[in-house]
Amino acid sequence: MAKISLIVNGNPVTANVDPRTLLVQFLRENLRLTGTHVGCDTSQCGACVVHVDGKAVKSCTTLAVMADGHEVKTIEGLAADGAPLHPMQEAFREHHGLQCGFCTPGMIMTAIDIVHRKGNELDDHTIREELEGNLCRCTGYQNIVASISAGAKAMAKSDLA
């Protein structure tokens, strides 16, 4: 067993884990943060995207021990219970950027990372290119792209971004 200490959604966490434990397993099984999904186990679908030290990573191919000493944010950490949604979450709600919802947490976490890296004024081509590692099996992506564009603009005006 390996002892790890990290910050998850603003809360310090210390645990003993098998060194082979994936970050997604640790989040879902140990911490019961089930918003991070497992879709493919091969880093292709993006359903497992979380932020580690503010950068998007695919938690299905990241070992929990690699997060030791780092800060992890999951979809649950974007908005506190009862608080307003993060602007990107609100944009997905407003612009119908989801259908079944399975890919949505990873899409939102990726979208926030895109805004942090590329800025608040995103064209459709850039958004589509940046979403290359995220799959949605329900939509044609048009509403997802519209949601990210609107969310990016809303993040420029928000303290929550």
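# Exercises on a sheet and two domains

In this predicted model, strands E3 (residues 49-52) and E4 run antiparallel and are joined by four bridges.

**Exercise 1.** Starting from the pair E3 and E4, find the bridge partner of Val49 in E4, and state which strands helix H3 touches.

*Solution.* Step 1: take Val49 and look across to E4, where Lys58 is its bridge partner. Step 2: turn to helix H3 (residues 104-118), which packs on the sheet and touches E3, E4 and E5. Step 3: compare directions; that of H3 makes about 40° with that of E3.

**Exercise 2.** Describe how E1 and E2 are paired, and say what is notable about the phi of Asn9 in their hairpin.

*Solution.* Step 1: the pairing of E1 with E2 is antiparallel and extends over seven bridges. Step 2: one of these positions is Ser5, whose bridge partner in E2 is Thr14. Step 3: the hairpin of E1 and E2 has two residues between the strands, and Asn9 has a positive phi near 55°.

**Exercise 3.** Give the order of the five strands in the open sheet, and explain why E2 and E4 each have one side without a neighbour.

*Solution.* Step 1: reading across the open sheet gives E2-E1-E5-E3-E4, with mixed pairing. Step 2: strand E2 (11-17) and strand E4 (55-58) stand at the edges; each has a single partner strand, so one side of each lacks a neighbour in the sheet. Step 3: from one strand to the next, the twist averages 40°.

**Exercise 4.** State which strands helix H1 lies across, and at what angle H1 runs to E2.

*Solution.* Step 1: locate H1 at residues 23-30. Step 2: list the strands, which are E1 (2-8), E2, E3 and E5 (71-73). Step 3: read the angle between H1 and E2, about 105°.

**Exercise 5.** Describe the contact between domain 1 and domain 2: how many residues does each supply, and what area is buried?

*Solution.* Step 1: set the bounds, with domain 1 covering 2-77 and domain 2 covering 87-156. Step 2: place the C-alpha centres of the two domains, which lie 21 Å apart. Step 3: count the residues in the contact, 18 from domain 1 and 14 from domain 2. Step 4: the domains bury about 1,200 Å² between them, and 60% of it is on carbon and sulfur atoms. Step 5: between the domains there are zero salt bridges, but seven residue pairs are in polar contact. Step 6: return to the sheet; E3 and E4 each supply at least two residues of the side of domain 1 that touches domain 2.

Notes: Residues numbered from 1 in each chain as written. Predicted model: local features only at pLDDT ≥ 70, side-chain atom pairs only at ≥ 80, totals over all residues. Heavy atoms only, no water. Pairing = 2+ DSSP bridges. Axes fitted to C-alpha atoms, helices over the stretch in contact; angles between N-to-C directions. Contact = heavy atoms within 4.5 Å. Domains from an automatic or database assignment. Buried area = accessible area lost by both parts, 1.4 Å probe. Salt bridge = Lys/Arg side-chain N within 4 Å of Asp/Glu carboxyl O. Polar contact = N/O pair within 3.5 Å; in protein donor to acceptor, adjacent residues only side chain to side chain.
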